[in-house]
Amino acid sequence: MAACYDAFVFDMDGTILYTLDDLTATTNAMLKTFGYPERTKEDVRFMVGDGTRALIERALPADAPRENIDELYSCWTSYYDTHGDEHTRPYGGIVEAMRDLRARGKKIGVLSNKYQAGVDAMIARFFDGLVDCAIGDGTAPRKPDPTGLIMLAERIGAPLDRIAYFGDSTTDMRTTVRAGVFGIGVTWGYQTREAIADAGARTLIDTPSRILDFA
(Lines give C-alpha, C1' and ligand atoms only; values in the text may rest on other atoms or scores of the structure.)
Protein backbone atom coordinates (compact mmCIF):
# COMPACT_ATOMS: atom_id res chain seq x y z
CA MET A 1 0.00 0.00 0.00
CA ALA A 2 1.32 3.46 -0.94
CA ALA A 3 2.21 5.96 1.78
CA CYS A 4 -0.24 8.80 2.35
CA TYR A 5 0.85 12.42 1.90
CA ASP A 6 -0.50 15.74 3.15
CA ALA A 7 0.28 17.82 0.07
CA PHE A 8 0.25 17.11 -3.65
CA VAL A 9 2.40 19.12 -6.04
CA PHE A 10 2.05 18.83 -9.80
CA ASP A 11 4.05 19.85 -12.81
CA MET A 12 1.82 21.57 -15.38
CA ASP A 13 2.57 20.78 -19.05
CA GLY A 14 2.33 17.06 -19.72
CA THR A 15 1.18 16.27 -16.18
CA ILE A 16 -2.11 18.04 -15.45
CA LEU A 17 -2.57 19.76 -18.82
CA TYR A 18 -2.21 18.52 -22.38
CA THR A 19 -0.60 21.59 -23.97
CA LEU A 20 1.38 20.18 -26.87
CA ASP A 21 -0.86 21.47 -29.67
CA ASP A 22 -0.76 25.03 -28.35
CA LEU A 23 2.96 24.91 -27.57
CA THR A 24 3.58 23.76 -31.14
CA ALA A 25 1.31 26.40 -32.66
CA THR A 26 2.92 29.15 -30.59
CA THR A 27 6.44 28.01 -31.41
CA ASN A 28 5.65 27.85 -35.12
CA ALA A 29 4.00 31.29 -35.08
CA MET A 30 7.22 32.69 -33.61
CA LEU A 31 9.42 30.80 -36.07
CA LYS A 32 7.32 31.96 -39.02
CA THR A 33 7.47 35.58 -37.83
CA PHE A 34 11.27 35.46 -37.91
CA GLY A 35 11.54 33.50 -41.15
CA TYR A 36 12.60 30.16 -39.69
CA PRO A 37 11.27 26.71 -40.68
CA GLU A 38 8.44 25.34 -38.57
CA ARG A 39 8.66 22.36 -36.23
CA THR A 40 6.46 19.27 -35.96
CA LYS A 41 4.51 18.38 -32.85
CA GLU A 42 6.89 15.49 -32.21
CA ASP A 43 9.84 17.88 -32.45
CA VAL A 44 8.30 20.15 -29.83
CA ARG A 45 7.37 17.24 -27.55
CA PHE A 46 11.04 16.65 -26.80
CA MET A 47 11.89 20.36 -26.49
CA VAL A 48 9.55 21.20 -23.61
CA GLY A 49 10.15 20.85 -19.89
CA ASP A 50 12.94 23.32 -19.20
CA GLY A 51 11.11 26.61 -19.68
CA THR A 52 10.11 28.89 -22.54
CA ARG A 53 13.57 30.23 -23.34
CA ALA A 54 14.99 26.72 -23.56
CA LEU A 55 12.13 25.72 -25.88
CA ILE A 56 12.83 28.71 -28.13
CA GLU A 57 16.55 27.96 -28.34
CA ARG A 58 15.91 24.31 -29.14
CA ALA A 59 13.36 25.19 -31.82
CA LEU A 60 15.72 27.52 -33.69
CA PRO A 61 17.88 26.19 -36.53
CA ALA A 62 21.39 25.35 -35.39
CA ASP A 63 22.88 28.26 -37.35
CA ALA A 64 20.37 30.88 -36.15
CA PRO A 65 21.79 33.73 -34.05
CA ARG A 66 20.94 33.67 -30.35
CA GLU A 67 21.54 37.34 -29.63
CA ASN A 68 17.85 38.25 -30.08
CA ILE A 69 16.39 35.67 -27.67
CA ASP A 70 14.61 38.43 -25.75
CA GLU A 71 12.81 39.51 -28.92
CA LEU A 72 11.90 35.92 -29.75
CA TYR A 73 10.69 35.38 -26.18
CA SER A 74 8.48 38.46 -26.38
CA CYS A 75 6.97 37.22 -29.64
CA TRP A 76 6.38 33.74 -28.21
CA THR A 77 4.73 34.90 -24.99
CA SER A 78 2.61 37.50 -26.78
CA TYR A 79 1.12 34.82 -29.03
CA TYR A 80 0.73 32.33 -26.19
CA ASP A 81 -1.01 34.84 -23.93
CA THR A 82 -3.69 35.24 -26.62
CA HIS A 83 -3.94 31.73 -28.09
CA GLY A 84 -2.34 29.42 -25.52
CA ASP A 85 -5.53 27.74 -24.33
CA GLU A 86 -7.25 27.11 -27.66
CA HIS A 87 -6.46 23.39 -27.76
CA THR A 88 -5.20 22.87 -24.21
CA ARG A 89 -7.19 20.67 -21.85
CA PRO A 90 -6.78 18.89 -18.53
CA TYR A 91 -5.98 15.21 -18.84
CA GLY A 92 -9.01 13.06 -18.16
CA GLY A 93 -9.46 12.44 -14.45
CA ILE A 94 -7.14 15.24 -13.26
CA VAL A 95 -9.83 17.71 -12.21
CA GLU A 96 -11.78 14.93 -10.50
CA ALA A 97 -8.66 13.81 -8.61
CA MET A 98 -7.97 17.37 -7.48
CA ARG A 99 -11.54 17.78 -6.25
CA ASP A 100 -11.23 14.54 -4.30
CA LEU A 101 -7.95 15.69 -2.77
CA ARG A 102 -9.55 18.97 -1.73
CA ALA A 103 -12.45 17.09 -0.15
CA ARG A 104 -9.91 15.09 1.88
CA GLY A 105 -8.26 18.27 3.12
CA LYS A 106 -5.07 17.90 1.09
CA LYS A 107 -3.02 20.88 -0.05
CA ILE A 108 -2.44 21.23 -3.81
CA GLY A 109 0.40 23.05 -5.52
CA VAL A 110 1.67 23.49 -9.07
CA LEU A 111 5.35 23.98 -9.93
CA SER A 112 6.10 24.75 -13.57
CA ASN A 113 8.94 26.01 -15.72
CA LYS A 114 6.39 28.03 -17.68
CA TYR A 115 6.61 31.78 -17.06
CA GLN A 116 4.54 32.87 -14.05
CA ALA A 117 1.87 34.81 -15.97
CA GLY A 118 1.29 31.80 -18.20
CA VAL A 119 0.97 29.52 -15.18
CA ASP A 120 -1.50 31.86 -13.51
CA ALA A 121 -3.63 32.09 -16.65
CA MET A 122 -3.84 28.31 -17.01
CA ILE A 123 -4.71 27.81 -13.34
CA ALA A 124 -7.49 30.39 -13.58
CA ARG A 125 -8.79 28.87 -16.81
CA PHE A 126 -8.77 25.19 -15.87
CA PHE A 127 -8.27 24.76 -12.11
CA ASP A 128 -9.92 27.75 -10.48
CA GLY A 129 -10.38 27.16 -6.76
CA LEU A 130 -8.46 23.88 -6.77
CA VAL A 131 -4.83 25.02 -6.34
CA ASP A 132 -3.45 26.55 -3.14
CA CYS A 133 -0.21 27.83 -4.66
CA ALA A 134 1.32 27.91 -8.15
CA ILE A 135 4.93 28.86 -8.85
CA GLY A 136 6.41 29.44 -12.28
CA ASP A 137 9.55 30.80 -13.89
CA GLY A 138 10.28 34.29 -12.65
CA THR A 139 9.04 33.59 -9.14
CA ALA A 140 11.67 30.93 -8.52
CA PRO A 141 14.60 29.50 -10.50
CA ARG A 142 13.60 26.93 -13.08
CA LYS A 143 13.58 23.23 -12.23
CA PRO A 144 15.65 21.13 -11.61
CA ASP A 145 16.79 23.78 -9.13
CA PRO A 146 14.84 22.72 -6.00
CA THR A 147 14.29 26.29 -4.76
CA GLY A 148 10.79 26.55 -6.24
CA LEU A 149 9.67 23.29 -4.66
CA ILE A 150 11.07 24.31 -1.29
CA MET A 151 9.38 27.71 -1.60
CA LEU A 152 6.08 26.09 -2.52
CA ALA A 153 6.30 23.74 0.47
CA GLU A 154 6.75 26.73 2.76
CA ARG A 155 3.81 28.59 1.22
CA ILE A 156 1.38 25.70 1.62
CA GLY A 157 2.73 24.78 5.04
CA ALA A 158 3.84 21.23 4.26
CA PRO A 159 7.12 19.57 5.28
CA LEU A 160 9.07 18.27 2.30
CA ASP A 161 8.74 14.69 3.51
CA ARG A 162 4.94 15.01 3.51
CA ILE A 163 4.74 16.06 -0.16
CA ALA A 164 4.06 13.83 -3.16
CA TYR A 165 5.25 15.39 -6.41
CA PHE A 166 3.89 14.31 -9.81
CA GLY A 167 5.69 15.05 -13.07
CA ASP A 168 6.22 13.72 -16.57
CA SER A 169 9.84 14.69 -17.19
CA THR A 170 13.40 13.97 -16.20
CA THR A 171 13.62 17.58 -15.04
CA ASP A 172 10.76 16.97 -12.60
CA MET A 173 12.34 13.87 -11.14
CA ARG A 174 15.75 15.50 -10.75
CA THR A 175 14.00 18.30 -8.87
CA THR A 176 12.43 15.88 -6.40
CA VAL A 177 15.74 14.13 -5.78
CA ARG A 178 17.44 17.45 -5.03
CA ALA A 179 14.62 18.60 -2.74
CA GLY A 180 14.21 15.30 -0.92
CA VAL A 181 10.58 14.93 -2.03
CA PHE A 182 8.83 11.71 -3.05
CA GLY A 183 8.73 11.88 -6.86
CA ILE A 184 6.05 10.07 -8.85
CA GLY A 185 6.47 9.84 -12.60
CA VAL A 186 3.34 10.07 -14.75
CA THR A 187 3.48 8.17 -18.01
CA TRP A 188 0.73 9.99 -19.93
CA GLY A 189 2.91 13.05 -20.60
CA TYR A 190 5.66 13.99 -23.03
CA GLN A 191 8.64 11.85 -22.00
CA THR A 192 9.19 8.10 -21.85
CA ARG A 193 8.67 6.02 -18.74
CA GLU A 194 12.26 4.75 -19.02
CA ALA A 195 13.69 8.27 -18.99
CA ILE A 196 11.54 9.31 -16.03
CA ALA A 197 12.50 6.22 -14.05
CA ASP A 198 16.19 6.69 -14.77
CA ALA A 199 15.99 10.31 -13.56
CA GLY A 200 14.94 9.24 -10.08
CA ALA A 201 11.19 8.58 -10.01
CA ARG A 202 10.33 6.60 -6.89
CA THR A 203 7.39 5.02 -8.69
CA LEU A 204 5.37 5.44 -11.89
CA ILE A 205 1.63 5.74 -12.46
CA ASP A 206 -0.23 5.26 -15.73
CA THR A 207 -3.59 6.93 -14.99
CA PRO A 208 -4.65 10.04 -13.04
CA SER A 209 -6.97 7.95 -10.87
CA ARG A 210 -3.88 6.50 -9.20
CA ILE A 211 -3.01 9.90 -7.75
CA LEU A 212 -5.49 9.09 -5.01
CA ASP A 213 -3.46 6.02 -4.00
CA PHE A 214 -1.16 8.47 -2.19
CA ALA A 215 -3.93 10.29 -0.33
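Which backbone oxygen lies 3.3 Å from a polar atom of the side chain of T77? In this predicted model, the partner turns out to be S74, whose backbone oxygen sits at that 3.3 Å separation from the T77 side chain. T77 itself belongs to helix α4, which runs over residues 69–83. As for exposure, T77 comes out at 10% relative accessibility, so it counts as buried, the cut-off for that label being under 20%.

Next comes the enclosed space. The structure has 1 cavity of 30 Å³ or more, and the largest cavity takes in about 230 Å³. A set of 19 residues lines the largest cavity, and the ones closest to its centre are D13, V48, G49, G51 and K114. Two or more lining residues come from each of the elements α3 (52–59) and β4 (107–115). Of the elements, β4 makes the biggest contribution to this lining, giving 3 residues.

What about the chemistry of the wall? Sorted by class, the lining of the largest cavity splits into 7 charged, 7 polar and 5 nonpolar residues. The lining also brings two domains together: domain 1 (7–16 + 91–214) and domain 2 (19–84) each supply at least three residues to it.

How values were computed
Residues numbered from 1 in each chain as written. Predicted model: local features only at pLDDT ≥ 70, side-chain atom pairs only at ≥ 80, totals over all residues. Heavy atoms only, no water. Helix = DSSP H or I, 4+ residues; strand = E, 2+ residues; numbered from the N terminus. Buried < 20%, exposed > 50% of the residue type's maximum accessible area, 1.4 Å probe, protein only. Polar contact = N/O pair within 3.5 Å; in protein donor to acceptor, adjacent residues only side chain to side chain. 1 Å grid on protein atoms, 1.4 Å probe; cavity = no way out; pocket = protein on both sides within 12 Å on 5 of 7 lines; lining within 4 Å. Points joined across faces, edges and corners; volume = space filled by probe spheres on them. Nonpolar A, V, L, I, M, F, W, Y, C, P; charged D, E, K, R; others polar. Domains from an automatic or database assignment.
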